[in-house]
Every structure is written in C-alpha cells, then in structure tokens.
Amino acid sequence: MLIIDLENEEKTFTEVDEAVEFCEKEFGYKGSMWDAVKRKCNLNQLCELLREDEICAWIHP
C-alpha cells in the first residue's frame, strides 16, 4: 500500500492506476515523460519518484 502524506490528511492506494490518477490531479504531473513513467511503474517506484520530488510518501506492507 502506498501512503501519501498531505498537509491535512493521508491518502492510501493499493492500485497503481488510482495512485497515478491522484498524482496527476494533485501534483500536476503530465507530459510525455510522465506518460512513460506511469506505464511502467509499480507502487514502490512511484513512491520513490514522489520522494525525489520531496513529497512525503511511503510503502506500508
């Protein structure tokens, strides 16, 4: 499960597609680079990408 810590709440995701859709809306990710990332990533990789952008995220087993 991917957990993203926002200012006033936490969002949890068990499916990559749901997490990707949320990130597009919440953080404005878009473009050809993002399209390539989202086609090939899993929750762990998405978590690392968010952390690189200084977004508080972690994986909970």
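What covers the buried residues of helix 3? The points below lead to the answer, beginning with the sheet.

1. The structure under discussion is a predicted model. Its sheet is open and is formed by 3 strands in the order 2-1-3, with antiparallel pairing. Strand 2 and strand 3 occupy the edges and have a single partner strand each, so one side of each lacks a neighbour in the sheet. On average, neighbouring strands of this sheet are turned by 20° against each other, direction ignored.

2. Helix 3, residues 43-52, packs on this sheet and touches strand 1, strand 2 and strand 3. The direction of helix 3 makes about 155° with that of strand 3.

3. Strand 1 (residues 2-5) pairs with strand 2 (residues 10-13) in the antiparallel sense, over 4 bridges. The connection between strand 1 and strand 2 is a hairpin through 4 residues. Two of the partnerships can be named: I3 has T12 as its bridge partner in strand 2, and I4 has K11.

4. Strand 1 also pairs with strand 3 (residues 57-59), again in the antiparallel sense, here over 3 bridges. In strand 3, A57 stands opposite I4. I4 may therefore be read from both sides, with K11 in strand 2 and A57 in strand 3. As background, strands of a sheet pair through backbone hydrogen bonds, either parallel or antiparallel.

5. Within helix 3, the residues L43, L46, C47 and L50 are buried. These residues lie on the same side of helix 3, because they cover an arc of only 105° around the axis. In general, an α-helix has 3.6 residues a turn, so residues three or four places apart point the same way.

6. The opening question can now be answered. The cover over the buried residues of helix 3 includes strand 1, strand 2 and strand 3, together with helix 1 (16-27) and helix 2 (32-40).

7. The surroundings of helix 3 also deserve attention. At its N-terminal end, N42 acts as a cap: a side-chain oxygen of N42 lies 2.9 Å from the backbone nitrogen of N44. Just after helix 3, E54 takes a positive phi of about 65°.

8. Aromatic residues form a further feature. The count of aromatic pairs comes to 4. One of them joins F22 and F27 in an edge-to-face arrangement, with 6.0 Å centre to centre and 90° between the planes. One aromatic cluster is formed by F13, F22, F27, Y29 and W34.

9. Is F22 buried or exposed? F22 has a relative accessible area of 14% and is therefore buried, the limit for this class being under 20%. F27, its partner in the edge-to-face pair, counts as partly exposed because its relative accessibility is 27%.

Terms used
Residues are numbered from 1 along each chain as its sequence is written. This is a predicted model: local features need pLDDT of at least 70, side-chain atom pairs count only at pLDDT 80 or more; totals for chains, interfaces and linings use all residues. Side-chain values use heavy atoms; hydrogens and water are left out. Two strands pair if DSSP finds at least two bridges between them. Axes are lines fitted to C-alpha atoms, for helices over the stretch in contact, and angles run from 0 to 180 degrees between N-to-C directions. Contact means heavy atoms within 4.5 Å. Buried means under 20% relative accessible area, exposed over 50%, partly exposed in between (1.4 Å probe, protein chains only). The arc is that of the directions from the helix axis to the C-beta atoms. A polar contact is a pair of N or O atoms within 3.5 Å; within protein, one must be able to donate a hydrogen and the other to accept it, and residues adjacent in sequence count only if both atoms are side-chain atoms. Rings of Phe, Tyr and Trp (its six-membered ring) pair if their centres lie within 6.5 Å; planes under 30 degrees apart count as stacked, over 60 as edge-to-face and the rest as tilted.
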